[in-house]
Amino acid sequence: MDVPQDSFDGLTKMTGGIMEELKASYADKCRDRGLTNYEFIHLDDTAPGSAICKFVKRENVDHIVIGTRGLGKIKRTLLGSVSDYVIHNSNISVTTVPNK
């Protein structure tokens, strides 16, 4: 599918603005909760679990804290789980935080 460059550029700018708003919102939430050491990362990989594991290895991270959505066993098996992937494919400690 051919997409005109100006359309692609416009979409990129729009989604970039949305991402910046999300980052600012989450940064505020982190500060409100007293978190001072956090990182927002851009994942180049289309598989989030794989991208997180690559980032952790590249940046020499010593611990991962990751949320869970609370999928049941069947949904997790069918849809996959980023946290499950990270737990089983990372060689460092991983703490999972359940969704409220």
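**Group meeting: a walk through the helices**

Okay, let's start with one residue: S83 sits in helix α4. When I say helix or strand, I mean a DSSP run, H or I over at least four residues for helices and E over at least two for strands, numbered from the N terminus. Before going on, a word on what we're looking at: this is a predicted model, where local features need pLDDT of at least 70, side-chain atom pairs count only at pLDDT 80 or more, and totals for chains, interfaces and linings use all residues. Residues are numbered from 1 along each chain as its sequence is written, and side-chain values use heavy atoms, with hydrogens and water left out.

Back to S83. Is S83 buried or exposed? Its relative accessible area is 9%, so S83 is buried. The cut-offs are these: buried is under 20% relative accessible area, exposed is over 50%, and partly exposed is in between, with a 1.4 Å probe and protein chains only. Leaving aside neighbours within four places in sequence, S83 is in contact with I66, G67, T68 and T96. Contact here means heavy atoms within 4.5 Å.

Staying in α4, have a look at Y85, which belongs to that helix too. Y85 is partly exposed, at 36% relative accessible area. Which residues does Y85 touch, leaving aside its neighbours within four places in sequence? They are G49, S50 and C53. Take S50: Y85 and S50 are 35 residues apart in sequence, yet their C-alpha atoms are 7.6 Å apart in space.

That brings us to helix α2, residues 48–59. The expected span of a helix is 1.5 Å times one less than its number of residues. For the twelve residues of α2 that gives 16 Å, and the end C-alpha atoms are 16 Å apart, so the two agree. Which residues of α2 are buried? The list is G49, S50, A51, I52, C53, F55 and V56. Those buried residues pack against β1, residues 63–68, and α4, residues 82–89.

Right after α2 comes N60, in the loop between α2 and β1. N60 has a positive phi of about 55° although it is not a glycine. Most residues other than glycine have a negative phi. N60 is also exposed, with 68% relative accessibility.

Now the charged pairs. Side chains of opposite charge can pair when their charged atoms come close. I'm calling it a salt bridge when a side-chain nitrogen of Lys or Arg is within 4 Å of a carboxyl oxygen of Asp or Glu. How many salt bridges does that rule give? The count is three.

One is K23 with E20, at 3.7 Å from N to O. Both lie in helix α1, three residues apart, about one turn of the helix. K23 is partly exposed at 33%, and E20 is partly exposed at 48%.

Another is R31 with D28, at 2.5 Å from N to O. Again both are in α1, three residues apart, about one turn of the helix. R31 has a relative accessible area of 49%, so it counts as partly exposed, and D28 is partly exposed at 38%.

Then there's E59 with R58, at 3.4 Å from N to O. R58 is exposed at 58%, while E59 is partly exposed at 45%.

What about greasy surface? I18, M19, L22, Y26 and F40 form a nonpolar patch on the surface, with about 460 Å² of accessible area together. A patch is built from residues with over 30% relative accessible area and no salt bridge, joining like charges within 9 Å and nonpolar side chains (Val, Leu, Ile, Met, Phe, Trp, Tyr) within 5 Å. The areas come from the Shrake-Rupley method with a 1.4 Å probe, and for residues only the protein chains shown count as cover. Y26, one of the patch residues, is in α1, residues 5–32. Y26 is partly exposed, with 44% relative accessible area.

Last stop, cysteines. A disulfide is a covalent bond between the sulfur atoms of two cysteines. The rule used here is a pair of cysteine sulfur atoms within 2.5 Å. How many disulfides does that rule give? Zero. C30 is buried at 14% relative accessible area, and C53, which we met in α2, is buried at 15%.
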